Amino acid sequence: MNEPFAGSHPPATITVVLEPEGGMREMPRPKTVAQLCDRLDVRQGSALVIRDGELLTPDRRIETGDTIIVRSVVSRG
């Protein structure tokens, strides 16, 4: 039987949902919201970062398996 993670841990990943664009992607887990914003090239303060309906501050930790919504709040018009 060939198990994908036999003898090792599964990769530490999260799911990111980008709003309002509607994109979704899986990526290696950053440690904090600030690191997530850096990886996504999102300026802190230009997007809301949400997990399970809770607004997250830049210092909050992100856990393996989290689904994080990154919602742009910049006016486009």
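**Figure 1. Leu-48 in strand β3 of the predicted model.** Leu-48 sits in strand β3, which spans residues 47-51. The model shown here and in the other views is predicted. Is Leu-48 buried or exposed? Neither label fits: Leu-48 is partly exposed, because its relative accessibility is 31% and the partly exposed class lies between the 20% and 50% limits. Leu-48 also belongs to a nonpolar surface patch, together with Leu-55 and Val-73. The three residues jointly offer about 240 Å² of accessible area.

**Figure 2. Contacts of Val-49.** Which residues does Val-49 touch, beyond those up to four places away in sequence? The set includes Val-33, Leu-36 and Cys-37. Glu-54, Leu-55 and Leu-56 are also in contact with Val-49. Ile-68 and Ile-69 complete the list. Leu-55, one of these partners, is also a member of the surface patch with Leu-48.

**Figure 3. The largest nonpolar core.** This core holds 13 residues. Which of them touch the most other members? They are Ile-14, Val-16, Leu-36, Val-49, Ile-68 and Val-70. At least two core residues come from each of β1 (13-19), α1 (33-40), β3 and β5 (67-72). Helix α1 gives the largest share, with four residues.

**Figure 4. Thr-13 and its distant partners.** Thr-13 is part of strand β1. In sequence, 53 residues separate Thr-13 from Asp-66. In space, their C-alpha atoms are 7.9 Å apart. Which residues contact Thr-13, once neighbours within four places in sequence are set aside? Glu-26, Met-27, Pro-28 and Arg-29 are among them. Thr-64 and Gly-65 are the others.

**Figure 5. The whole chain, for orientation.** One helix and five strands make up the secondary structure. Their order along the sequence is β-β-α-β-β-β. The chain has 77 residues, and 29% of them count as buried. Its accessible surface is about 5400 Å², with 50% belonging to carbon and sulfur atoms. Among contacts with a separation of 6 or more, 48% join residues 24 or more positions apart.

**Figure 6. Confidence along the chain.** Mean pLDDT for the chain is 89. A value of 70 or more is reached by 84% of the residues. Where is confidence highest, and where is it lowest? Strand β4 (residues 54-55) has the highest value, at 98. Strand β2 (residues 23-28) has the lowest, at a mean of 95.

Methods
Residues are numbered from 1 along each chain as its sequence is written. This is a predicted model: local features need pLDDT of at least 70, side-chain atom pairs count only at pLDDT 80 or more; totals for chains, interfaces and linings use all residues. Side-chain values use heavy atoms; hydrogens and water are left out. Buried means under 20% relative accessible area, exposed over 50%, partly exposed in between (1.4 Å probe, protein chains only). Contact means heavy atoms within 4.5 Å. Accessible areas come from the Shrake-Rupley method with a 1.4 Å probe; for residues, only the protein chains shown count as cover. pLDDT is the predictor's confidence in each residue, from 0 to 100. Patches are made of residues with over 30% relative accessible area and no salt bridge: like charges are joined within 9 Å, nonpolar side chains (Val, Leu, Ile, Met, Phe, Trp, Tyr) within 5 Å. A salt bridge is a side-chain nitrogen of Lys or Arg within 4 Å of a carboxyl oxygen of Asp or Glu. A nonpolar core is a set of buried Ala, Val, Leu, Ile, Met, Phe, Trp, Tyr and Cys residues joined through side-chain atoms within 4.5 Å.
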